[in-house]
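The exercises below are meant to be worked through with the sequence and the structure side by side. Try each task before reading its solution.

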Amino acid sequence: MENAVQIKNLTKEYKDFSLKQITMNIPKGCVMGLIGANGAGKSTLIQSILGLLKADYDEIFILGKDLKTKEREIKEDIAVIFDVSHYNLQYTPAFIGKILSGVYKNWDMGLYTQYLKRFDLPKDKKIKKFSKGMKMKLEFAIAFSHAPKLLILDEATSGLDPIFRDEILELIREFTEDEDHTVLLSSHITSDLDKIADYIAFIHEGELQFVKTYDELRDHYGILHCGKDFFESMREEDIVSFKKEPYEYKVLVKNKSEILNVFPELEIERASIEDIMLFYVKGEM
Amino acid sequence: MLGILRKDLYDTFLIPKNILSNGFGYLFMFLFAYLLGPNYYMMMVFIMLAIPATSVMVLQAAIEQDESVRFDDVLLTYPISKKQIILTRFCGNLIGILLNMALSFLLMLGYVYGGKTTDIQNGIFIWLAGCVISLYAVAVFSVGFYLLGNKKGTIVYVVSILIWAFLYVILRFVAPWEKILAFGRWNLLGIAFAVAIPLLALSYWGCLKIYEKKHS
């Protein structure tokens, strides 16, 4: 499978935090959800692969190009959306279009105007009069108007109400209908990822814990409720993490079908992405 | 680069707050010049001090607006290198200087032909000296703004202007400008211009290093 992003041994050191030896690939045509608690290193990772921060790495290839030598070419094909708009509130969408027509070689003003119409965004109104949802839609109009192949969203859905978030997810879904289009979506609203992600990468305290397909997480991970005796009889390799509750043990397992084959009477509930994240962060290993 | 230049010029000249401050600034200067009448000393103050002091206005306005919305975060995702970002800002400042040159040229003509303050040759010399001083102002203050950001940079900028004005007044008594300029003044201007070019290049390099450091 061809990769849209290839990262090998990426490290970024701060005085009080470091991103440690991240190695991961993002397959072309997929939606990769990047999850982790606040301060886990999601934004640092995104900023590092965009070259916004100077990080150490063995190699980063984006859309088949080396970040070290082809950064500008790579950025022609990338759109990045943050949680807030970084455009001056005095600007109008029309003026932003003029700015960006002088920035991107493949900026399509006609397409931009079409998106503004589709999102009901008045092109001559100052964005200080826009709601948060309208500003986010403007970001999408901007992002889609230079034909990016990789869309990176850094907590872009946070702060939006569920209806707006759903519209945004629909836009992402539409974007990925083209198999050349890839999305890296960092979010701590894991329910969004449940709806859209093909892969989940989980980062905790600067370390990449896993990269797995969403189907694998859904089909193989589960939360087992059991008593102390059963818990103590379990094989270590079956346990990802556990929580000791007053009357039971809650155990995150990664092979629920195998366990259920042996113990069909056990109660293993489906683990959501949020559950998995919470077990990794707060559970005991 | 063109897009960013367009943005910076908009921030400088079309943001309502800046339209007012720039408009009133120039208006008051021309009004004062008119009210004070034909005064050679004030002519030099306006053309060689007050107008060059505003040469860095494009960078200052751009940094002020960018800091308020953290525009650098999105700017660095554009297909533009850091070198191009700094170069664009220098180009913006040079456009600011061109605008200032045009205004100070009009002011000079007003002094020469309206107030009969001095002759045209001397007027042109003072005007050119103001232009060269503007290049020095851009070189020095650009580094200050990149190093300190908008707020601290503006404070240092204002303090520097006050020191500059103070030295100017002191020199008026210790070694009058007119006498200094009378001594091979065209040669002096040529040397000053020749020095300004490498100084601008050095300033560009310094600003780039500061910008790279800030975003590393």
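**Exercise 1.** In which helix of chain B is B:T154 found? Then decide how far this residue is exposed.

*Solution.* The model is a predicted one, and it is read here as such. Begin with the secondary structure: B:T154 belongs to helix α7 of chain B, which covers residues 120-174. Next, take the neighbour count, which gives 17 other C-beta atoms within 10 Å of B:T154. A residue is called buried at 20 or more such atoms and exposed at 12 or fewer, so B:T154, with its 17, is partly exposed. Finally, compare position in sequence with position in space: B:T154 and B:A33 are 121 residues apart along the chain, and their C-alpha atoms are separated by 26 Å.

**Exercise 2.** Describe how α1(B) and α4(B) cross, and name the residues that meet.

*Solution.* Two packed helices are described by the angle between their axes and by the distance between those axes. Here the axes of α1(B) and α4(B) come within 8 Å, and they cross at roughly 95°. Because angles from 65 to 115 degrees count as roughly perpendicular, α1(B) is roughly perpendicular to α4(B). On the α1(B) side, the residues are B:D8, B:L9, B:D11 and B:T12, and they meet B:M57, B:V58, B:A61, B:A62 and B:Q65 of α4(B). Sorted by class, the residues of this contact are five nonpolar, two polar and two charged.

**Exercise 3.** Work out which elements of chain B supply the side that touches chain A.

*Solution.* Start with the totals, which are 21 residues from chain B and 22 residues from chain A. On the chain B side, α1 (2-13), α4 (57-69) and α5 (71-75) each supply at least two residues, and the largest share, six residues, comes from α1(B). The class composition of the side of chain B that touches chain A is ten nonpolar, six polar and five charged residues.

**Exercise 4.** Give the strand order of the open four-stranded sheet in chain A, and say which strands stand at its edges.

*Solution.* The order is β12-β13-β11-β14, with antiparallel pairing. The edges are β12 (239-244) and β14 (267-270) of chain A; each has a single partner strand, so one side of each is left without a neighbour in the sheet. On average, neighbouring strands are turned by 25° against each other, direction ignored. The pairing of β12(A) with β13(A), residues 249-253, is antiparallel over five bridges, and A:K243 stands opposite A:K250 in β13(A). Helix α11 of chain A (residues 273-282) packs on the sheet, where it touches β11 (222-226), β12 and β13, and its direction makes about 80° with that of β12(A).

Technical notes. Residues numbered from 1 in each chain as written. Chains lettered and ligands numbered in written order. Predicted model: local features only at pLDDT ≥ 70, side-chain atom pairs only at ≥ 80, totals over all residues. Contact = placed C-beta atoms within 7 Å. Nonpolar A, V, L, I, M, F, W, Y, C, P; charged D, E, K, R; others polar. Pairing = 2+ DSSP bridges. Axes fitted to C-alpha atoms, helices over the stretch in contact; angles between N-to-C directions. Parallel < 35°, antiparallel > 145°, perpendicular 65-115°, else oblique.
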